[in-house]
Amino acid sequence: PLPTPPPPAPLVIAMPLVVNILRGFVSIMSIPGALYLAIVLGLLDAPEQMRTADKLAVFGIDMSTSLARSILTVVGLGKMLIPINQCLLKSRTLDVVYALASIPGFGAVLYSHRAINNPDPWSKEIAVLMAPTAFIALAVIGRNRNMPAAKPSTKKE
């Protein structure tokens, strides 16, 4: 009889689960991204709880200016691209871009959250603190760097 191979290491089993949890976590950011685009398009007013005008005012930006609309558009589209990348495009390059942009981006978010009058408690900042970590982890372990996103065609003509 042939010897039975050893069972896979727990890390090999758990890694795909961890990566999928991280993908789900970062993909949820598309919801505020959609809200930002709806605000820019005039489809709805900024929800009071988001305090978007206050957070932009921390950086000296008035909510009614074209600069504020431009920022909200870029941030909104970027956040809405996250689940598209995680589920459809599967681009490691975009994973790295998000990881690099998340450090100063979420740093600015955290600064604006803490600088407004009557800020939320620190416990509500956990997602802001975890987001760059999740993006960096996905860039490092999320995809095999040598594997193309789409399988090449094996059809011969």
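Is Phe135 buried or exposed? Phe135 is buried, with a relative accessible area of 3%; buried means under 20% relative accessible area, exposed over 50% and partly exposed in between, with a 1.4 Å probe and protein chains only.

The model is predicted: local features need pLDDT of at least 70 and side-chain atom pairs count only at pLDDT 80 or more, while totals for chains, interfaces and linings use all residues. Residues are numbered from 1 along each chain as its sequence is written, and side-chain values use heavy atoms, with hydrogens and water left out.

**Exercise 1. Describe the overall architecture of the protein.**

Step 1. The protein has six helices and zero strands. Helices (H or I, at least four residues) and strands (E, at least two) are DSSP runs, numbered from the N terminus. From that terminus on, the order of the elements is α-α-α-α-α-α.

Step 2. The radius of gyration is 20 Å, well over the 15 Å that the globule rule gives for 157 residues, so the protein is more spread out than a compact globule. This radius is taken over C-alpha atoms, and the globule rule is 2.2 Å times the number of residues to the power 0.38. Along the principal axes, the C-alpha atoms fill a box of roughly 75 × 45 × 25 Å.

Step 3. Of the 157 residues, 27% are buried. The protein exposes about 10700 Å², and carbon and sulfur atoms supply 69% of that area; accessible areas come from the Shrake-Rupley method with a 1.4 Å probe, and for residues only the protein chains shown count as cover.

Step 4. Among contacts with a separation of 6 or more, 68% involve residues 24 or more positions apart. Contact means heavy atoms within 4.5 Å.

**Exercise 2. Locate the largest nonpolar core and place Phe135 in its surroundings.**

Step 1. A nonpolar core is a set of buried Ala, Val, Leu, Ile, Met, Phe, Trp, Tyr and Cys residues joined through side-chain atoms within 4.5 Å. The largest one has 15 residues, and those with the most contacts inside it are Val26, Met29, Ile82, Phe106, Phe135 and Leu138.

Step 2. The elements that give two or more residues to this core are α1 (10–27), α5 and α6. The largest share, six residues, comes from α6.

Step 3. In soluble globular proteins, nonpolar side chains tend to be buried together.

Step 4. Beyond its neighbours within four places in sequence, Phe135 contacts Val26, Met29, Ile82, Asp95, Tyr98, Ala99, Ser102 and Phe106.

**Exercise 3. Analyse the aromatic pairs and state what they connect.**

Step 1. Rings of Phe, Tyr and Trp (its six-membered ring) pair if their centres lie within 6.5 Å; planes under 30 degrees apart count as stacked, over 60 as edge-to-face and the rest as tilted. This rule yields three aromatic pairs.

Step 2. The pair of Phe59 and Tyr111 is tilted, at 5.8 Å centre to centre and 50 degrees between the planes. Phe59 lies in the loop between α3 (52–58) and α4 (66–89) and Tyr111 in helix α5 (residues 92–115), so this pair ties together parts that are 52 residues apart in sequence. Phe59 counts as partly exposed, at 43% relative accessibility.

Step 3. Tyr98 and Phe135 form a stacked pair, with 5.5 Å centre to centre and 15 degrees between the planes. Because Tyr98 lies in helix α5 and Phe135 in helix α6 (residues 126–141), the pair ties together parts that are 37 residues apart in sequence. Tyr98 counts as buried, at 13% relative accessibility.

Step 4. Ring pairs link Tyr98, Phe106 and Phe135 into a cluster.

**Exercise 4. Examine helix α2 and the residue Ala38.**

Step 1. Ala38 lies in helix α2 (residues 30–40) and is buried, with a relative accessible area of 12%. The buried residues of α2 are Ser30, Gly33, Tyr36, Leu37, Ala38 and Ile39.

Step 2. Not counting residues up to four places away in sequence, Ala38 touches Leu43 and Leu44. The C-alpha atoms of Ala38 and Leu72, 34 residues apart along the chain, are separated by 9.7 Å.

Step 3. Gly42 follows α2 and has a positive phi near 80 degrees.

**Exercise 5. Characterise the positive phi values of Lys90 and Asn118.**

Step 1. Lys90, although not a glycine, has a positive phi of about 55 degrees. Lys90 is placed in the loop between α4 and α5 and is partly exposed, with a relative accessible area of 38%.

Step 2. Asn118, also a residue other than glycine, has a positive phi near 55 degrees. Asn118 lies in the loop between α5 and α6 and is exposed, with a relative accessible area of 66%.
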